[in-house]
Every structure is written in C-alpha cells, then in structure tokens.
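Reader: I would like a close look at one part of this model, set against the protein as a whole. Please start from the surface and the overall form, and then work inward to a single element and its surroundings.

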Amino acid sequence: MQKIIVTDLTRFSEKNPDIVCIAGIDKETGQCIRPMPYLKKTDCQTLGICPRAILSGIFTPFLTQHNPHWEDRKYESLRYQGLSNTSEFKAILSNDLSDSLEKGFEISLPYKQRYIPVDHILSKSIITIKVDPHYVQFIKNDYNTGGKLNFFDSSGRDYRFFPITDLTTHNMIEQHQNFSQLNAFLHAQSEVYLRIGLSRCWNKPNTTEECYWLQVNGIYSFPHALIEII
C-alpha cells in the first residue's frame, strides 16, 4: 500500500463534465502518481477526494507506459485517510519544485507557445513551480466562465492565457466572477505554487500537428488558500 497526497484535481472539457483526473505525490518517495482509469465526480465525493486529501491504495505501473504521462498507475483499494495539514501539504509541493517551467519540462519554448510537441521526450507530465504572488493574474476567458491565468515563473519568464483545469479553482471562479478581488487576494499572499500539467495528445487548431497542451492543474497559496475567499 502507498499513500499519496492529492495535488491535482482537474476537470475535463464541457463534453465530459462528470469525469475528473486526480494525481498526488507519494508521502515517502516523492513520486507523482496519477490513478487510472479516471474517476467520476460522484466517486470523488464518496471517497472524500479533494486537494490535500491523503489516499491509500495499490498503485501498479501499466505494462506499457507512454511519453509523457509516466505517472499513470492502475489502482486498487483506494481509501481516504484524512487531510494533510498545511505544513505537510506545503512541504510536498516544495519538495517537488522545479526551478522553472522550461527546466521542469526540459524544453526551450518559443515566447507565447503554450504546448509541447508530441515528439519531445519528457521525464514527467506534471511539475510544480513557484511564482511571484504579485505577478499572478486571473483573466476572463471568452469561451467559458472559468478564467485563464497569467504568471511569471521563478526564471522571470512570463506566461499568458494558460487554461485552468484545476476543478476547485474553476468552480470558484464561476461562482465568484470578481476577478479584481481574486487577484488582490493572491497578490496579498506570501507564496503561490502552481501545478502545471500536460494534456493528452491533441491536434493544434486547424492542423494535423499533434501536441500536449500546457494547463494549470492546481493553484495553491500560503498562508491563506484561495478557497477561503468564498
């Protein structure tokens, strides 16, 4: 049995509103694990799955793993074991920290590029980065009410219009819709960590070129969590 702390609880497109993806970090090894197959929202509610939740289970690698989603694991006997405290959760994120987005994904990205080519070999599909709270900004998404995110990573590189797949934050933004207040809250925090993940393989718009889209899987602030604004 392994225990993971849930760091990613992500939504799918509007076409799949009842399915979520979870990922967490093993408390002992620091390994990131993505339980597969995907869970239903009702399963998450039954099990008490949310960010910071501690889950135990048997997580087995697939016989065939596919770049870049090396974290995928078959799961058995998934059980809720309570919530990690703030210090424990922050330590999990800090220990997984990449120096920058590009270093985390081992790639040099052209400015404004928000995807990674499908032929780029990676060692992981989810990373943690730390960003300056004063330079994180929620912005309106013209296609839905969930918003997008602008930020600077620790290298000073700015990234814009990243889609937010973080289910908790997406739902909160849909309810709140006061972007000025949301941004002011983040700017007042001491630390902000982002979980940045890669989608499954998609075609770039109007092309047959395949890629992995970059997306914000989790937004975590300290000393106060963004969810406290509700």
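Author: The surface that the protein exposes in this predicted model comes to about 11,400 Å², of which carbon and sulfur atoms supply 51%. Of the 230 residues, 50% count as buried. The mean position of the 24 positive charges and that of the 25 negative charges are 2 Å apart.

The chain forms 5 helices and 12 strands. Its radius of gyration is 17 Å, close to the 17 Å that the globule rule gives for 230 residues, so the protein is as compact as a globular protein of that length. The C-alpha trace spans about 45 × 40 × 35 Å along the principal axes, and among contacts with a separation of 6 or more, 65% are made by residues 24 or more positions apart.

The part to examine closely is helix 4, which covers residues 167-176 and in which Leu167, Thr169, His170, Met172 and Ile173 are buried. In general, an α-helix has 3.6 residues a turn, so residues three or four places apart point the same way. The buried residues of helix 4 pack against a set of partners drawn from many parts of the chain: strand 1 (2-11), strand 2 (19-26), helix 1 (41-47), strand 8 (126-139), helix 5 (179-187) and strand 12 (210-222).

Both ends of this helix have a local feature that can be described. At the N-terminal end, aspartate 166 acts as the cap, with a side-chain oxygen 3.1 Å from the backbone nitrogen of threonine 168. Just after the helix, glutamine 177 takes a positive phi of about 60 degrees.

Threonine 168 also serves as a reference point for a position elsewhere in the fold, since its C-alpha atom is separated by 32 Å from that of leucine 63, a residue 105 positions away along the chain. Leucine 63 sits in the loop that runs between strand 5 (53-61) and strand 6 (72-83), and its relative accessible area is 88%, so leucine 63 counts as exposed, the cut-off being over 50%.

Arginine 195, which belongs to strand 11 (residues 191-203), provides the opposite case. Its relative accessibility is 1%, and because buried means under 20%, arginine 195 is classed as buried. The side chain of arginine 195 makes a polar contact, at 2.9 Å, with the side chain of aspartate 96.

Note on methods
Residues numbered from 1 in each chain as written. Predicted model: local features only at pLDDT ≥ 70, side-chain atom pairs only at ≥ 80, totals over all residues. Heavy atoms only, no water. Helix = DSSP H or I, 4+ residues; strand = E, 2+ residues; numbered from the N terminus. Buried < 20%, exposed > 50% of the residue type's maximum accessible area, 1.4 Å probe, protein only. Polar contact = N/O pair within 3.5 Å; in protein donor to acceptor, adjacent residues only side chain to side chain. Contact = heavy atoms within 4.5 Å. Rg over C-alpha atoms; globule rule 2.2 N^0.38 Å. Areas by Shrake-Rupley, 256 points an atom, 1.4 Å probe, with all protein chains shown as cover. Lys, Arg positive; Asp, Glu negative; His and termini not counted. Charge placed at Lys NZ, Arg CZ, Asp CG, Glu CD.
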